Amino acid sequence: YDFLQTDASINPGNSGGPLLDAGGRVVGINTAIRAPANNIVFAIPINLVKEILPRLLKDGKIRRSAIGVHVSSLLPEDLSRLSLTSAQGALVRVIVPGGPADRAGLQVDDVILEFEGKPVPGPERLRWMASLAGVGHTATLRVVRGGRLFDLKIKLDELTTALPPVEALPFP
């Protein structure tokens, strides 16, 4: 997740307060303090708070959505094996049986390049975009498979029910 890291002087027990910039503007919400590491503080960026807060106020909780895959970065050997020239995107390593990706026809070794028209530079960004898209939302993925580029529609499930731990799934 995209957290801000700061060494601002914040005491343990004071999480939840605003992180301010030099102009007094709120740039984040202090979330975690690592006391053994000279009180390094992690904060949720304010833009993320602005995105999530309306959902939290409406539903009383955050429901994260998921595609139902395990993805990784593209390694040099993947680029060679899949005849790709760019390491941009998220490589599908595992499809969760019966999950959204399985139902939509996504396959192992597909590379997801875009989510809802936005570039996917790597797996972390894909996970983040998918988790905020909304449970039940039908998203469009731009995928490359076997040198062919195409779009795929996928209806997202809730993260807690869609994605078992990686230890429970066999990697190819």
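## Exercises on a predicted model

D109 sits in the loop between α3 (100-104) and β8 (111-115). Keep in mind that this is a predicted model.

**Exercise 1.** Work out whether D109 is buried, partly exposed or exposed, and find the sign of its phi.

*Solution.* Start with the relative accessible area of D109, which is 26%. Partly exposed covers the range between under 20% (buried) and over 50% (exposed), so D109 is partly exposed. Now the backbone: D109 has a positive phi of about 80°, though it is not a glycine. That's worth a second look because most residues other than glycine have a negative phi.

**Exercise 2.** Do the same for S83: find its place, its exposure and its phi.

*Solution.* S83 is in the loop between α2 (76-81) and β7 (90-95). Its relative accessibility is 65%, so S83 counts as exposed. S83 isn't a glycine either, yet its phi is positive, about 55°.

**Exercise 3.** Describe the surroundings of S131 in helix α4 (residues 123-133).

*Solution.* First, exposure: S131 has 2% relative accessibility and therefore counts as buried. Next, its side chain: a polar atom there lies 2.9 Å from the backbone oxygen of W128. Last, leave aside neighbours within four places in sequence, and S131 is in contact with R63, R64 and S65.

**Exercise 4.** Find which residues make the nonpolar surface patch that includes L56.

*Solution.* Place L56 first: helix α1 (residues 46-59) holds it. At 36% relative accessibility, L56 counts as partly exposed. Together, L53, L56, L57 and I62 make a nonpolar surface patch of about 350 Å².

Key. Residues numbered from 1 in each chain as written. Predicted model: local features only at pLDDT ≥ 70, side-chain atom pairs only at ≥ 80, totals over all residues. Heavy atoms only, no water. Patch = residues over 30% accessible without salt bridge, like charges linked within 9 Å, V, L, I, M, F, W, Y side chains within 5 Å. Areas by Shrake-Rupley, 256 points an atom, 1.4 Å probe, with all protein chains shown as cover. Salt bridge = Lys/Arg side-chain N within 4 Å of Asp/Glu carboxyl O. Helix = DSSP H or I, 4+ residues; strand = E, 2+ residues; numbered from the N terminus. Buried < 20%, exposed > 50% of the residue type's maximum accessible area, 1.4 Å probe, protein only. Polar contact = N/O pair within 3.5 Å; in protein donor to acceptor, adjacent residues only side chain to side chain. Contact = heavy atoms within 4.5 Å.
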